[in-house]
There are 2 protein chains.
Amino acid sequence: MNQVINRTERTSLKRLPKRGEYNREVIYSILDEALVCHVGFAVEGKTFVVPTGYAREGDNLLIHGSSASRMLKTLSGGIEVCVTVTLLDGLVLARSAFHHSMNYRSVMIFGKAFAVSEENEKMKALRAFSEHIVKGRWQEVRSPTSKELKGTLVLALPLQEASAKIRNGSPVDDETDYELNVWAGEIPLQLVAGAPIDDPRLTSDINQPDYARNYTRVKRSGNE
Amino acid sequence: MNQVINRTERTSLKRLPKRGEYNREVIYSILDEALVCHVGFAVEGKTFVVPTGYAREGDNLLIHGSSASRMLKTLSGGIEVCVTVTLLDGLVLARSAFHHSMNYRSVMIFGKAFAVSEENEKMKALRAFSEHIVKGRWQEVRSPTSKELKGTLVLALPLQEASAKIRNGSPVDDETDYELNVWAGEIPLQLVAGAPIDDPRLTSDINQPDYARNYTRVKRSGNE
C-alpha cells in the first residue's frame with residue numbers, strides 16, 4: 001500500500017514543492033475522511049465545478065446520482081475530469097498579515113470516469129457510498145430496488161493520476177517579526193457532528209443508534 | 001440587497017429546481033461563512049480544480065497568492081472560471097439506502113477574474129482576506145510591506161453570474177418505507193474550532209486572544 005501514484009506534469013507542484021505528497025496511503029486516508037468532493041469538467045469550453053458526495057472503493061473514486069443528471073451523463077462520455085477533495089484543518093495566525101495561512105489536506109485526481117453498469121457492481125458501489133457516510137447503516141436500511149438501481153448512474157474514476165497537498169503546524173514568520181508583541185499560533189478546525197435530529201415522522205419506539213449519537217469523521221493521527 | 005443575481009443558462013438548475021436559490025443575500029451569507037473555495041479553470045483543454053482561501057468585498061470575490069502562482073497568472077489572463085463554495089451542514093439518513101442525502105449550502109460563480117493592481121486597492125483586498133478569516137486580527141499584526149504587496153497577486157471575480165443550491169431538513173422517504181423499523185433523521189455537521197495551539201516560539205507573556213479562544217464560523221439562523 002505504500003506505492004506512489006503516477007506523478008505527471010499536472011500533479012507536480014510547481015511552487016512550495018515541500019507541500020506535495022504522493023504516497024497512496026496518505027491520499028487514501030484523506031479521501032476516506034472527507035465527505036464531499038468538487039468535480040471539475042468542461043462542456044463546450046465552459047468549466048463547471050460541482051460539489052457531490054463520493055466513496056472510494058479500492059483504487060477507484062466513485063460518484064453517483066440520478067441517471068438524468070446532466071453532469072453524470074456528460075462525465076460518462078469519458079471526458080477529462082479533475083476531482084478535488086479538501087479537508088480544512090486549521091487557521092494559521094502569523095505575526096504579519098502576509099504570513100497568515102491555513103492548514104489543510106487536499107487531494108487532486110485527474111482522469112476519465114467510466115460508468116459502472118453491471119448490476120452487482122452497481123450495488124457494491126451503492127454500498128460503498130453508504131458505508132463511507134455511516135459505517136454499518138447499509139445493513140439496517142431498505143436495499144435499493146432494481147428500479148432504483150436503474151435510476152442511478154454510478155461513475156468510477158481510477159485513482160491513477162493523483163496527488164495530495166498538505167500544510168500543517170505553526171506559522172512561519174519572518175525572523176524579525178518573532179519579537180512582535182502579538183499572539184501567533186493555530187486555531188484547529190474540525191467537522192464535528194451535533195446531536196442527531198429525529199425525523200418528525202419517526203415512531204416513538206425507535207431510538208437513536210450509537211453511530212448517529214457518536215458520529216465522528218476524525219481519523220487524524222499524530223500532531224494533536 | 002434583496003436583488004437576484006443574473007440567472008443564466010449555466011446557473012439554471014436542470015434538476016431539483018426547488019433547491020436553486022438566487023437571492024443575493026443568501027449567496028453572500030454562504031460566501032461570508034465558508035473559508036475555502038474551489039477554483040475551476042481549463043488550461044490547454046485540461047481542467048483544474050484548486051482549493052484556496054478567499055474573501056468577499058462588496059460584489060467581488062477575491063482570491064490571492066504569490067505573484068509566481070501558476071494558477072493566478074493563468075486566471076489573470078481573463079479566462080473563464082467557475083468558483084464553487086460548499087458548506088456541509090449534515091448527513092440525511094433515510095429509511096432506504098436510496099434516499100440518503102446530505103444537507104448543504106453551496107454557491108457557484110462563473111466569470112472572468114481581473115487583477116487588482118492599484119496598491120491601495122490591493123491593501124484593501126489583503127485586509128478583506130484577514131478580516132474574513134479572523135475579524136479584528138488585521139489591526140494587531142504587522143501590515144504588508146511594499147515588497148510583500150508586489151509579491152502578491154490579487155484577483156477579483158465579479159459576483160454577477162452566481163447561484164446558490166441548498167438542501168436542508170429531514171429525509172424524504174418513499175411513503176411505504178415510513179413504517180420500517182429503522183431510525184431516520186439528520187446528523188448535523190459543523191466546522192468547529194478547537195483550543196488554540198500556541199506557536200512554539202511565542203513568548204510566555206502573550207495570552208491567547210478571545211477571538212482565538214472563542215473562534216466560531218457558525219452564523220446559521222433558523223432551524224436549529
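Q: What makes strand E8 and strand E9 (residues 152–158) of chain A a pair?
A: Two strands pair if DSSP finds at least two bridges between them. Here 2 bridges join E8(A) to E9(A), so the rule is met. The two strands run antiparallel, and in E9(A) the partner of Phe114(A) is Ala156(A). By the way, this is a predicted model, in which local features need pLDDT of at least 70, side-chain atom pairs count only at pLDDT 80 or more, and totals for chains, interfaces and linings use all residues. Residues are numbered from 1 along each chain as its sequence is written, chains are lettered from A and ligands numbered from 1 in the order in which they are written, and side-chain values use heavy atoms, with hydrogens and water left out.

Q: What makes strand E4 (55–57) and strand E8 (114–115) of chain A edge strands?
A: Chain A has an open sheet of 4 strands in the order E4-E5-E9-E8, with antiparallel pairing. E4(A) and E8(A) each pair on one side only, and that earns them the name. In chain B, too, an open sheet has the order E4-E5-E9-E8.

Q: What counts as a helix or a strand, and how many does chain A have?
A: Both are DSSP runs numbered from the N terminus: helices are H or I with at least four residues, strands are E with at least two. Chain A has 5 helices and 12 strands.

Q: How do you know which way strand E2 (residues 36–43) and strand E3 (residues 46–53) of chain A run, and what links them?
A: They are joined by 8 bridges and run antiparallel. One of the bridges puts Val43(A) with Lys46(A) in E3(A). The hairpin has 2 residues between the strands, and there Glu44(A) takes a positive phi near 50°.

Q: Why is Ser96(B) called buried or exposed?
A: Buried means under 20% relative accessible area, exposed over 50%, and partly exposed in between (1.4 Å probe, protein chains only). Ser96(B) has a relative accessible area of 0%, so it is buried. You'll find Ser96(B) in the loop between E6 and E7 of chain B. Contact means heavy atoms within 4.5 Å; leaving aside its neighbours within four places in sequence, Ser96(B) touches Val141(A), Arg142(A), Asp173(B) and Asp177(B).

Q: Why is E9(B) said to be largely enclosed?
A: Just count: 7 of the 7 residues of E9(B) are buried, so the rest of the structure largely encloses this strand. Both faces are covered, with Thr152(B), Val154(B), Ala156(B) and Pro158(B) buried on one side and Leu153(B), Leu155(B) and Leu157(B) on the other. E9(B) is also joined to E5(B) by 7 antiparallel bridges, and Leu62(B) stands opposite Ala156(B).

Q: What makes Asn23(B) a cap for helix H1 (residues 24–33) of chain B?
A: A side-chain oxygen of Asn23(B) lies 2.7 Å from the backbone nitrogen of Glu25(B), at the N-terminal end of H1(B). Set that against the rule for a polar contact: a pair of N or O atoms within 3.5 Å, where within protein one must be able to donate a hydrogen and the other to accept it, and residues adjacent in sequence count only if both atoms are side-chain atoms. Further along H1(B), the buried residues include Ile27(B), Tyr28(B) and Leu31(B).

Q: How do you know that Glu175(A) and Arg201(B) form a salt bridge?
A: The term asks for a side-chain nitrogen of Lys or Arg within 4 Å of a carboxyl oxygen of Asp or Glu. In this pair the closest N and O atoms are 2.6 Å apart, so it qualifies. Across the interface of chain B and chain A there are 8 salt bridges. The two chains also share 33 residue pairs in polar contact, both at pLDDT 80 or more.

Q: What makes up the contact between chain B and chain A, and how much area is buried?
A: Each chain gives 84 residues. Buried area is the accessible area (1.4 Å probe) that two parts lose on being put together, summed over both. Here that comes to about 7400 Å², 65% of it on carbon and sulfur atoms. Thr47(B), Arg142(B) and Trp183(B) supply 10% of the area that chain B buries against chain A, more than any other three residues.

Q: How do you know that strand E12 (residues 197–198) of chain A pairs with a strand of chain B?
A: E12(A) and E11(B) share 2 bridges in the antiparallel sense, so the pairing rule is satisfied. Asp198(A) stands opposite Gly185(B) in E11(B).
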